[in-house]
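Subject: The structure, and what turned up in it

Hi,

Here is the structure I promised to pass on. Have a look at it first, and then read on for my notes.

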Amino acid sequence: MDNIIFELKNVSFSYLGKYPALRGIDMAIKKGQKAAVIGANGTGKSTLLEVLDGLIFPDSGTVKTFGEELTESALADKDFLRNFRSKVGFVFQNSDVQLFCPTVKEDILFGPLQLGLSPKEANARLEALMEIIDIRVLLDRPPHHLSMGEKKKAAILSSLAIEPEVLILDEPTAGLDPATVRQIIDAVIDANSFGKTIITATHDLHIVEEIADIVYVFGSDRRICRYGDAAEILKDTEFLKANNLVHIHSHRHKEQIHIHSHSHIEHHVP
């Protein structure tokens, strides 16, 4: 049990008490694991990540993190809150939610300084992060002047700056160009190689085998309809099609219409 980072038992959640988003979720994420959560829009992926990060709390069921129950009252305890926030980093799908300081540098340094590091220690950590994703040219710029890809890189570094044990990412590559996607995937893999647990929600099936050992698939009923080895699930085209993760796409070639399956992705990774 010491190896379990997150343990969910029969977790359900609904918005405003009447719009179900999660139903009876059972899940165990182990230390050092790379886990991906996939599913069509509206199946509960982002809601699950917010539950794991203690941003919302289930209507029923239990969530344990590092062996302790994660509840609103637990997070009201300053020691529990500090310990949890130092161990879990969250990268939001919308980087504008995450970046709020006058400059990118201040955003990256914010977490370490809040956790009690000296300015010298925080700046040393910043310099180390530039070895992972070098955005030195952006450090003095305001976040709202950045492109979507630049914001995403800054958001990921701001989460890595606290040196969390767990990194949770919500659609980290959505809408980004291939070169930026490659940088982000490499950063995630690098973090995992140093023992960090990685949990990613994504629509991009092309990156899943790289960023995940285990995959949880959410169905339209907001339940986990399947979980297991990433390669095994991704090669089951009929299953993916049934769960709206691939669709039938047709094109015309030499006066004939050809039909084939096509993934729900935003880009291809070189």
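Let me start with one pairing in the sheet: Lys9 has Thr62 of strand β4 as its bridge partner. Lys9 is a good way in, since the rest of the sheet can be followed from that pairing. Before going further, please keep in mind that this is a predicted model. The mean pLDDT of the protein is 90, and 90% of its residues reach 70 or more.

**The sheet**

The pairing of β1 with β4 (residues 60-65) is antiparallel and runs over five bridges. β1 also pairs with strand β2 (residues 19-30), again antiparallel, this time through eight bridges. If you want to find that second pairing on screen, look for Leu8, which stands opposite Met27 in β2. Another place to look is Ile4, whose bridge partner in β2 is Lys30.

β1 and β2 make a hairpin, with three residues between the two strands. In that turn, Leu16 has a positive phi of about 60°.

Put together, this gives an open sheet of four strands in the order β2-β1-β4-β5, with antiparallel pairing. The edges are β2 and β5 (68-69), each of which pairs on one side only.

How many of the twelve residues of β1 are buried? Nine are, so the strand (residues 4-15) is mostly covered, given that buried means under 20% relative accessible area. As a general point, side chains in a regular strand alternate between the two faces of the sheet.

**Aromatic pairs**

The model has five aromatic pairs. One of them is Phe13 with Tyr15, an edge-to-face pair with 4.8 Å centre to centre and 85° between the planes. Phe13 is buried at 9% relative accessibility, whereas Tyr15 is partly exposed at 33%.

Another is Tyr216 with Tyr227: the ring centres are 5.5 Å apart and the planes are at 15°, so this pair is stacked. Tyr216 belongs to strand β9 (residues 214-218) and Tyr227 to strand β10 (residues 224-229), so the pair ties together parts that are eleven residues apart in sequence. Is each of these two tyrosines buried or exposed? Tyr216 is buried, with a relative accessible area of 3%, while Tyr227 is exposed, at 55%.

**A buried glycine**

Gly54 sits in the loop between α1 (45-52) and β4. Its relative accessible area is 6%, and because the cut-off for buried is under 20%, Gly54 counts as buried. What does Gly54 touch, leaving aside residues up to four places away in sequence? The answer is Leu70, Leu75, Phe84 and Arg85. Of these, Leu75 is 21 residues from Gly54 in sequence, and the two are 7.9 Å apart in space, C-alpha to C-alpha.

**A buried arginine**

Arg125 is in helix α6 (residues 119-129). At 17% relative accessibility, Arg125 falls under the 20% cut-off and therefore counts as buried. Which side chain does the side chain of Arg125 meet in a polar contact? That of Glu163, at 3.4 Å. Glu163 is also among the residues that Arg125 touches beyond four places in sequence, along with Pro112, Leu117, Ala161 and Ile162.

**Cysteines**

How many disulfides does the structure hold? Zero. Two cysteines I looked at are Cys101, which is buried at 13% relative accessibility, and Cys225, which is partly exposed with a relative accessible area of 38%.

**Where to be careful**

Two stretches need a caveat. pLDDT stays under 50 over residues 248-253, although the model has 17 contacts for them beyond four places in sequence. Over residues 256-262 the pLDDT is also below 50, and that stretch has 22 contacts in the model beyond near neighbours in sequence. Since pLDDT is the predictor's confidence in each residue, I would read the contacts drawn for residues 248-253 with that in mind.

That's what I have for now. Shout if anything is unclear when you open the file.

Cheers

Notes:
Residues are numbered from 1 along each chain as its sequence is written. This is a predicted model: local features need pLDDT of at least 70, side-chain atom pairs count only at pLDDT 80 or more; totals for chains, interfaces and linings use all residues. Side-chain values use heavy atoms; hydrogens and water are left out. pLDDT is the predictor's confidence in each residue, from 0 to 100. Contact means heavy atoms within 4.5 Å. Buried means under 20% relative accessible area, exposed over 50%, partly exposed in between (1.4 Å probe, protein chains only). Two strands pair if DSSP finds at least two bridges between them. A disulfide is a pair of cysteine sulfur atoms within 2.5 Å. A polar contact is a pair of N or O atoms within 3.5 Å; within protein, one must be able to donate a hydrogen and the other to accept it, and residues adjacent in sequence count only if both atoms are side-chain atoms. Rings of Phe, Tyr and Trp (its six-membered ring) pair if their centres lie within 6.5 Å; planes under 30 degrees apart count as stacked, over 60 as edge-to-face and the rest as tilted.
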